[in-house]
Amino acid sequence: KRAATEKRRQAAFCDHLTSLANRRAFFEAAEVELDRAAHTPRQLALIVFDADHFKHINDRYGHPAGDRVLCDLANTLRDTFRAVDTVARLGGEEFAVLLPSTGIEQALLVADRLRAQVATRLVAADGLEIAYTVSAGVAILDDQAGGIDALIKRADEALYHAKAHGRNRVAEWTPELSTHEKLPQRSRNAG
């Protein structure tokens, strides 16, 4: 009975492909962290990662190879971030990491470290080696970003900026990204 209960919990909160937290678990963890930050002010950072040109990887090598790339990225994320961080797959090739008690400089540093590490990796699939890169957007919680949706929007705007300026890079959210650079809406599965 205990094993069945655990299996149901895993199904509800874990991404089936990568075994990371899923979107639901991410939002629940985010609400807990926002509540903590409201009661005991502390820094909170969010990094959104996206595999660059992922549609091209799927189209060229096939979906099983694309799945291997996603699992490799998930393992690299899991190995890079702390146990207190919430590492999740939000959907498609988009991943998010919520970092409690972390300021912008630390978040940018660890995001760039992960980006550089991924750029050196090769994923084996059907006798081939697939190179891939990631882009990242980093945002921190402040008085103007009162909720998780606003924080994700900021991190997404920074991610779009990184992608628009060459990919395989990390960008920090600034107010100018919201006011000066209007990027088109994208689907969650865009590469």
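The chain has 7 helices and 7 strands, and the model described here is predicted. Read from the N terminus, the elements follow the order α-α-β-α-α-β-β-α-β-β-β-α-β-α. The chain is 191 residues long, and 46% of these residues count as buried. Among contacts in the chain with a separation of 6 or more, 67% join residues that lie 24 or more positions apart.

**Nonpolar cores**

- The largest nonpolar core holds 32 residues, and the members that touch the most others are Ile-47, Phe-49, Leu-73, Leu-77 and Phe-81.
- At least two residues of this core come from each of the helices α3 (54–61), α4 (63–80) and α5 (104–119), and likewise from each of the strands β1 (44–51), β3 (94–100), β4 (122–125) and β6 (134–140).
- Helix α5 provides the largest share of this core, with 7 residues.
- A second core, separate from this one, has 23 residues, including Leu-34, Ala-139, Ala-162 and Ala-171.
- Leaving aside residues up to four places away in sequence, Phe-81 touches Ile-47, Phe-49, Val-87, Val-97, Leu-99, Val-110 and Leu-114.

**Helix α2**

- Helix α2 covers residues 23–39, which is 17 residues.
- From its first C-alpha to its last, α2 reaches 25 Å, close to the 24 Å expected at 1.5 Å a residue.
- Ala-25, Phe-26, Ala-29, Ala-30, Glu-33, Leu-34 and Ala-37 are the buried residues of α2.
- Viewed down the axis of α2, these buried residues fall within an arc of 170 degrees, so they line one face of the helix.
- Ala-38 and His-39 are exposed and sit on the face of α2 turned away from its buried side.
- Leu-34, buried in α2, is also one of the residues of the second core.

**Aromatic rings and charges**

- The structure contains 2 aromatic pairs.
- One pair is formed by Phe-26 and Phe-27, whose rings meet edge-to-face, with 5.5 Å from centre to centre and 85 degrees between the planes.
- Phe-26 counts as buried because its relative accessibility is 0%, whereas Phe-27, at 22%, counts as partly exposed.
- Arg-24 lies over the face of Phe-13, 4.7 Å from the ring centre.
- Arg-154 has its charged end over the ring of Trp-173, at 3.9 Å from the centre of that ring.

How values were computed
Residues are numbered from 1 along each chain as its sequence is written. This is a predicted model: local features need pLDDT of at least 70, side-chain atom pairs count only at pLDDT 80 or more; totals for chains, interfaces and linings use all residues. Side-chain values use heavy atoms; hydrogens and water are left out. Rings of Phe, Tyr and Trp (its six-membered ring) pair if their centres lie within 6.5 Å; planes under 30 degrees apart count as stacked, over 60 as edge-to-face and the rest as tilted. Buried means under 20% relative accessible area, exposed over 50%, partly exposed in between (1.4 Å probe, protein chains only). A charge sits over a ring if NZ of Lys or CZ of Arg is within 6 Å of the ring centre and within 35 degrees of the ring normal. A nonpolar core is a set of buried Ala, Val, Leu, Ile, Met, Phe, Trp, Tyr and Cys residues joined through side-chain atoms within 4.5 Å. Helices (H or I, at least four residues) and strands (E, at least two) are DSSP runs, numbered from the N terminus. Contact means heavy atoms within 4.5 Å. The expected span of a helix is 1.5 Å times one less than its number of residues. The arc is that of the directions from the helix axis to the C-beta atoms.
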